[in-house]
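Me: I have a model open and would like to talk through how it is put together. Could you go over it with me?

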Amino acid sequence: MTLLSTLLLLSAVLIISAVRRVPAGQVYSLYRRGKLVRVLQAGTHLVLPVLDRVAHKINLAGQTLRFEEPLAEAHDVRGTVYWQVLEPERADAVFEQVDQLIRRGAQEALRSEPAADRADRRDLGVRVKQALNNALRERGMMVTRVDLDVA
């Protein structure tokens with residue numbers, strides 16, 4: 001009787017762990033043996049409970065990255081970058097490094113700007129956004145807005 005109870009309990013646990021529910025506005029990247037198998041869209045999915053694992057839970061609605069420290073060495077530039085994932089399959093490979101990619105891209109874009117051109121925050125934000133989008137679009141992501149505070 002104990003063996004039967006244990007088997008039923010183990011079966012129930014395996015069945016429950018095989019069901020993944022992905023909330024609306026998100027996708028999950030499913031990995032098996034360290035390789036991307038598929039991206040789970042919103043809804044309920046069956047997975048292999050022992051072999052498959054969810055590596056990333058990607059929010060499609062949009063993300064915000066705030067820069068509290070100065071972005072450029074010579075000038076005190078802080079700001080906020082609003083970005084979102086457009087193609088989760090392409091973005092999954094670099095999803096953990098997105099913050100670093102955006103910070104580095106913003107720093108490079110600001111370094112290339114002459115000091116005289118930094119006076120207009122809106123135009124500078126547009127140019128930083130374009131530079132970031134050039135780097136991120138090939139990775140399945142897009143910057144939607146850049147708000148800069150230039151001191």
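Reply: What follows goes through a sheet, a helix, the nonpolar cores and one arginine, and the model is a predicted one.

Me: ok, sheet first. What is the strand order in the open sheet of 3 strands, and is the pairing parallel or antiparallel?

Reply: The open sheet has its 3 strands in the order 3-2-5, and the pairing is antiparallel. Its edge strands are strand 3 (35–40) and strand 5 (52–59), each of which pairs on one side only, and the twist from one strand to the next averages 25 degrees.

Me: and over how many bridges do strand 2 and strand 5 pair?

Reply: Strand 2, which covers residues 26–32, pairs with strand 5 over 7 bridges in the antiparallel sense, and within that pairing Leu30 stands opposite Val54 of strand 5.

Me: switching to helix 3, what should its 14 residues span?

Reply: Helix 3 (residues 98–111) should span 20 Å at 1.5 Å a residue, and its end C-alpha atoms are indeed 20 Å apart, so the two values agree.

Me: which residues are buried in helix 3, and where do they sit around the axis?

Reply: The buried residues in helix 3 are Val98, Leu101, Ile102, Gly105, Ala106, Ala109 and Leu110. These residues cover an arc of only 155 degrees around the axis, which means that they lie on the same side of helix 3. As background, an α-helix has 3.6 residues a turn, so residues three or four places apart point the same way.

Me: now the largest nonpolar core, which residues touch the most other members?

Reply: That core has 26 residues, of which Trp83, Ile102, Val128 and Met141 touch the most other members. Two or more residues come from each of strand 6 (63–67), strand 7 (77–85), helix 3, helix 4 (121–136) and strand 8 (141–150), with helix 3 giving the most, at 6 residues.

Me: what is Ile102 in contact with?

Reply: Setting aside neighbours within four places in sequence, Ile102 is in contact with Leu65, Phe67, Val81, Trp83, Leu132 and Leu136. There is also a second, separate core of 6 residues, which includes Tyr28, Leu30, Leu40 and Val47.

Me: last one, why does Arg32 count as partly exposed?

Reply: Arg32, which lies in strand 2, counts as partly exposed because its relative accessibility is 27%, and the range for that class runs from 20% to 50%.

Me: and what does Arg32 touch?

Reply: Not counting residues up to four places away in sequence, Arg32 touches Val37, Leu48, Leu51 and Asp52. Arg32 and Val50, 18 residues apart in sequence, are 9.4 Å apart in space from C-alpha to C-alpha.

Notes. Residues numbered from 1 in each chain as written. Predicted model: local features only at pLDDT ≥ 70, side-chain atom pairs only at ≥ 80, totals over all residues. Heavy atoms only, no water. Pairing = 2+ DSSP bridges. Helix = DSSP H or I, 4+ residues; strand = E, 2+ residues; numbered from the N terminus. Axes fitted to C-alpha atoms, helices over the stretch in contact; angles between N-to-C directions. Expected span 1.5 Å × (residues − 1). Buried < 20%, exposed > 50% of the residue type's maximum accessible area, 1.4 Å probe, protein only. Arc of directions from axis to C-beta. Core = buried A, V, L, I, M, F, W, Y, C linked by side-chain atoms within 4.5 Å. Contact = heavy atoms within 4.5 Å.
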